[in-house]
Amino acid sequence: MCGIIGYVGNKNAAEEVREGLFRLEYRGYDSAGAAIMDENGIISVVKKQGKVANLAPYLDDISGRIGIGHTRWATHGKPSDVNAHPHSSGKITVVHNGIIENYAELKSKLEACGERFFSQTDSEVAAKLINRNFKGDLLCALAETVKVLKGSYALMAICEGVSAIAVAKYRSSVILGYGDDEYFCASDEPALAGKCSSISVLEDGDLAYITPDGIEIYDDGMQQVIRDKRANTAAAQSLDLCGYPRYMLKELYETPAAVERTVKEFNAAAPKLREALRGINRIILLGCGTAYHAGLVGKRYFEAFARIPAECENAGEFRYKNPVVCEGAAVFAVSQSGETADTVEAARLARTLGAKVIAVTNAPNSALTRLADVVAPVAAGTEICVAATKSYTAQIACLYLCALTFAGEPLTCERAVALTKMPALCEKTLASVNTYSIANMCAGASGVYFLGRDVDYAVALEGSLKLKEVSYVPGEGYPAGELKHGTLALIDGKTVCVALVFDKNLAKKCENAVEQVLSRGGRAVVITNVVGVCASLKDRVRIISLPDCDKFLSPLISAVAVQKLAYETAAVLGRDPDKPRNLAKSVTVE
Ligand code: F6R
């Protein structure tokens, strides 16, 4: 949920940490802070509530060769200067991503020993414990400390007078970066894009010790271990706005390329997937938020293409219901980041119960990738905007191919070939759809209700989530037929209904729902590629026409339309869609 960055090298650590924090800001932006050690081993700490830009000027006057930084999404304690990381105790200063679940118990014990706490965070406990455990060896003090921590942590600690960063990792991601006489430690790869030639990924329980001479890695038994080094492929240019005003818009316009790349990469992954799916008799799709919505579309693909019953569940619900899973089940765990705690833990649980786990992810080095039996790659590229756009469409493309593969179809079949035409249709949709005046309507609405049937319903849920998330306009997604069973009571002149109609056979039924809205004084928008739909209502309904395509592929273009509507509504209201309030991109806490 938070982002952490560490630097040891010959450059100015304050500058490196500042840059890293800007790159990690999408993981949390309630507050930010840094600790920089100067040539004499003295540590300066600066921390500020709010975005990294608030902190940045305070780093101008600090320099050193070793530094750690943190950008926060608050879990324990409100966003404030004092709750911002780093936290210090004696000579020790730490930054922490994760949740220390037993912090209250540890805090009481420490208070009983005379420790005074200044923040409401769980993380300050770690600083106190490391300080108490420090007997001259920073790594040993950290190793002793993590033995008593329950929960998840990516922890970095520095100590006055010690030219090193000690790192510990458990269920929160940490990558190490190797440059020319400089070393990095960070929460994820975008932070190190273009910064170092190779990276390695720490495993749960690992500790690392970073000094000007290099990096040593130890397992939880303090045995030195080697973790694979791989080329750092993250490109710095993916972090540029390239002239777009916001990442959300830039990434939305990258949808065609994301779908195209995903199709290409799937070809290479298909044989392994085909092998893993042999003998599978049950399909379960899991994910959270937008990824869960992609799973709902995927469920329909498995049902329609392979005629196998498929379930799609919210990962956070799945893991706490004592799920019935046994051998023969395949779990498709969908996650852009591959780090969402609920999805990773649900997949881990399913695997221990005998299921095959297929990671449908955009993150090749993530926790989900590492625990999965097979990876179905989503090649959307780096996504910085907190609101998912291109990763959602690429996940749908990937699940479409997974379902065809499961159904025993070759990647040259008619349906697969039809998918290869979709990037061009996404492009056409982006170029032709004008949602500006509808965005104005939504911006002033008391509620926006997205309606659809079958796959359109799944996209309706996503359209509603996207609009709420970036514009803060309330609303819901509903099956079009459900409206009359309750929600119709909400409809009045201040509400807007957005109906998605991409199935010719269901178009008339959706038209009925739109009629019901209009006759209660509501306003309606229809997004469709069915010719003639709502023709008789056209003076009273705003119609957005999209290119013709098969109904199962229509989510790839209807998603683009609802994402654009959400973006423009946020723009009308002056919201920042890249960093919506209270949110963060990777939800690595439960
Ligand atoms: C919404 C959004 C979130 C994520 C969810 C899961 O725009 O981005 O709902 O989809 O937090 O994240 P991942 O896909 O990284 O597991």
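**Figure 1. The shell around the ligand divides into six nonpolar, six polar and two charged residues.** The model shown here and in the views that follow is predicted. The shell comprises 14 residues, and those that come nearest to the ligand are Ser-335, Gln-336, Ser-337, Thr-340 and Glu-469. Helix α8 supplies the largest share of this shell, namely three residues.

**Figure 2. Oxygen atoms of the ligand lie close to N or O atoms of Gln-336 and Ala-388 and to a polar side-chain atom of Ser-337.** For Ser-337, a polar side-chain atom is placed 2.6 Å from a ligand oxygen. At Gln-336 the atom concerned is a backbone N or O, 2.7 Å from an oxygen of the ligand. Ala-388 likewise presents a backbone N or O atom, here at 2.9 Å from a ligand oxygen. The protein buries 90% of the 410 Å² that the ligand exposes when taken alone.

**Figure 3. The ligand occupies the second largest pocket of the model.** Two elements each give two or more residues to the shell around the ligand: α8, spanning residues 289-306, and α16, spanning residues 455-471.

**Figure 4. The largest cavity encloses about 70 Å³ of space.** This cavity is lined by 13 residues, and the closest to its centre are Cys-2, Thr-75, His-85, Asp-122 and Ser-123. By class, its lining consists of four nonpolar, seven polar and two charged residues. A search of the whole structure finds two cavities of 30 Å³ or more; the other is the subject of the next view.

**Figure 5. The second largest cavity has a volume of about 40 Å³.** Its lining is formed by Ile-5, Glu-16, Glu-19, Gly-20, Arg-23, Phe-184, Ala-191 and Lys-195. Helix α1, which covers residues 13-24, makes the greatest contribution to this lining, with four residues. Four of the lining residues are charged, three are nonpolar and one is polar.

**Figure 6. The two cavities are viewed together with the composition of their linings.** In the lining of the largest cavity, seven residues are polar and two are charged. In that of the second largest cavity, one residue is polar and four are charged. The nonpolar residues number four in the lining of the largest cavity and three in that of the second largest. Among the residues shown are His-85 and Asp-122, which line the largest cavity, and Arg-23 and Lys-195, which line the second largest.

How values were computed:
Residues numbered from 1 in each chain as written. Predicted model: local features only at pLDDT ≥ 70, side-chain atom pairs only at ≥ 80, totals over all residues. Heavy atoms only, no water. Near = heavy atom within 4 Å. Polar contact = N/O pair within 3.5 Å; in protein donor to acceptor, adjacent residues only side chain to side chain. Areas by Shrake-Rupley, 256 points an atom, 1.4 Å probe, with all protein chains shown as cover. 1 Å grid on protein atoms, 1.4 Å probe; cavity = no way out; pocket = protein on both sides within 12 Å on 5 of 7 lines; lining within 4 Å. Sits in = over half its atoms within 2 Å of the grid points. Nonpolar A, V, L, I, M, F, W, Y, C, P; charged D, E, K, R; others polar. Points joined across faces, edges and corners; volume = space filled by probe spheres on them.
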